[in-house]
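Dear colleague,

I am handing over the structure we spoke about, and below it you will find my notes on what came out of going through it. Please read them with the coordinates open beside you.

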Amino acid sequence: MELGVRMSGHPTRPPRRATGARRRGLVRTLTAVNVLVGLGVLAAGVLAPWPWQARVCVAIVGVGLLGNALLAAREWSGSARWGDRVTTRGSTTVIAYDRVPAYAAAWGAGWTTLVAALGTVLGVAAGSVGLALVLGLPFVVLFGLVLIDSVLALSRGAEVVADRERLTVRSWNTETSLAWDDVERVGPDVTGGRAVLAVTGYTATTSWTGRRLPHAWPRGARLVPGRLEVDSRAVEPHSPWLLSVLRDWAADPARRSEIGTADAERRLRQSV
């Protein structure tokens, strides 16, 4: 049976390459469509015989859509995110998260908030106070809260910080920490459709700490006691080496002596 499968002419790698090619083709198509829509909306805002107020708002929408298309294309492509994210800060080794997704969120929330605010102000100035406030103000609040959270996230950043006693992961919404001596397992996992490097503590561990970072949007960020999660995509291209290094540091206290040194940076930069 195994021989028949091997000789059937259906090896696994070509279909994977074909799937990757289809994905890239789909990304290009979606990006092109978004760019064309953005250009069309921008052209309408510049050239259409509308009142200047409407033209300004439509032009802003066009510019916003163009920015969204370019940022989304990078996110959809699935290609590796190149860059050196490793630094030494005092006696700690730090791996910073890729900031482009946070910039994309701030961009999208920024131009939608601007359009909603302009529309509301212009409606009030035109005398349609009640209608402008009812239709515009909810969107100003909605998009404004997202914008505030995006700015807060960018201002504090997201990173993985290792010292010789603890590992700390500050994502865009949460901060969790665990002592090395309480780490039971380090391995890849999937959470909410995202690939993560999961660091799990022993059931009875008391060293784990976790908190939700300040935010404006009324949401509850996910926290799992005893567990740290590193977004694999956010720390590319260091993800594979980070997994190996974290396993070494968790398993062997002697290896933690390299934390905060050039040796740790060198190990994490093998893929750069």
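Is V124 buried, partly exposed or exposed? The relative accessibility of V124 is 32%, and V124 therefore counts as partly exposed. Please keep in mind throughout that this is a predicted model.

V124 sits in helix α4, and together with V129, L133, L137 and V141 it makes up a nonpolar patch on the surface, whose accessible area adds up to about 360 Å². The element that gives the most to this nonpolar patch is helix α5 (residues 129-156), which provides four residues.

A residue on the buried side of the cut-off is T31, which lies in helix α2 (residues 13-47). T31 counts as buried because its relative accessibility is 14%, under the 20% cut-off. Leaving aside residues up to four places away in sequence, T31 touches A69 and A73.

Turning to the strands, β3 (residues 159-162) and β4 (residues 166-170) run antiparallel and are joined by four bridges, and within this pairing V161 has T168 in β4 as its bridge partner. The connection from β3 to β4 is a hairpin through three residues. Strand β4 is also joined to strand β5 (residues 174-179), again in an antiparallel arrangement, by five bridges, with V169 standing opposite T176 in β5. β4 and β5 likewise form a hairpin, with three residues between them.

The aromatic side chains come next, and a search of the whole structure finds three aromatic pairs. One of them is formed by Y97 and W172, whose ring centres are 6.4 Å apart and whose planes stand at 80 degrees, so the pair is edge-to-face. Because Y97 lies in the loop between β2 (92-96) and α4 (100-125), while W172 lies in the loop between β4 and β5, the pair ties together parts that are 75 residues apart in sequence. Y97 counts as buried, at 5% relative accessibility, and W172 counts as buried as well, at 18%.

How many salt bridges does a search of the whole structure find? The search finds 17 salt bridges, and I describe a few of them here. As general background, side chains of opposite charge can pair when their charged atoms come close.

R227 forms a salt bridge with D189, with the closest N and O atoms 2.9 Å apart. This pair links distant parts of the chain, since R227 belongs to strand β9 (residues 227-231) and D189 to strand β6 (residues 183-191), 38 residues apart. R227 counts as buried at 15% relative accessibility, whereas D189, with a relative accessible area of 31%, is partly exposed.

E229 takes part in two of the salt bridges described here, one with R222 at 3.0 Å, N to O, and one with R227 at 2.6 Å, N to O. E229 is buried, with a relative accessible area of 18%, while R222 counts as exposed at 52% relative accessibility. In the salt bridge between E229 and R227, both residues are buried. Elsewhere, salt bridges that share partners join R89, E159, R170, E175 and R211 into one network.

With best regards

Key. Residues numbered from 1 in each chain as written. Predicted model: local features only at pLDDT ≥ 70, side-chain atom pairs only at ≥ 80, totals over all residues. Heavy atoms only, no water. Helix = DSSP H or I, 4+ residues; strand = E, 2+ residues; numbered from the N terminus. Buried < 20%, exposed > 50% of the residue type's maximum accessible area, 1.4 Å probe, protein only. Contact = heavy atoms within 4.5 Å. Pairing = 2+ DSSP bridges. Phe/Tyr/Trp six-rings, centres within 6.5 Å; stacked < 30°, edge-to-face > 60°. Patch = residues over 30% accessible without salt bridge, like charges linked within 9 Å, V, L, I, M, F, W, Y side chains within 5 Å. Areas by Shrake-Rupley, 256 points an atom, 1.4 Å probe, with all protein chains shown as cover. Salt bridge = Lys/Arg side-chain N within 4 Å of Asp/Glu carboxyl O.
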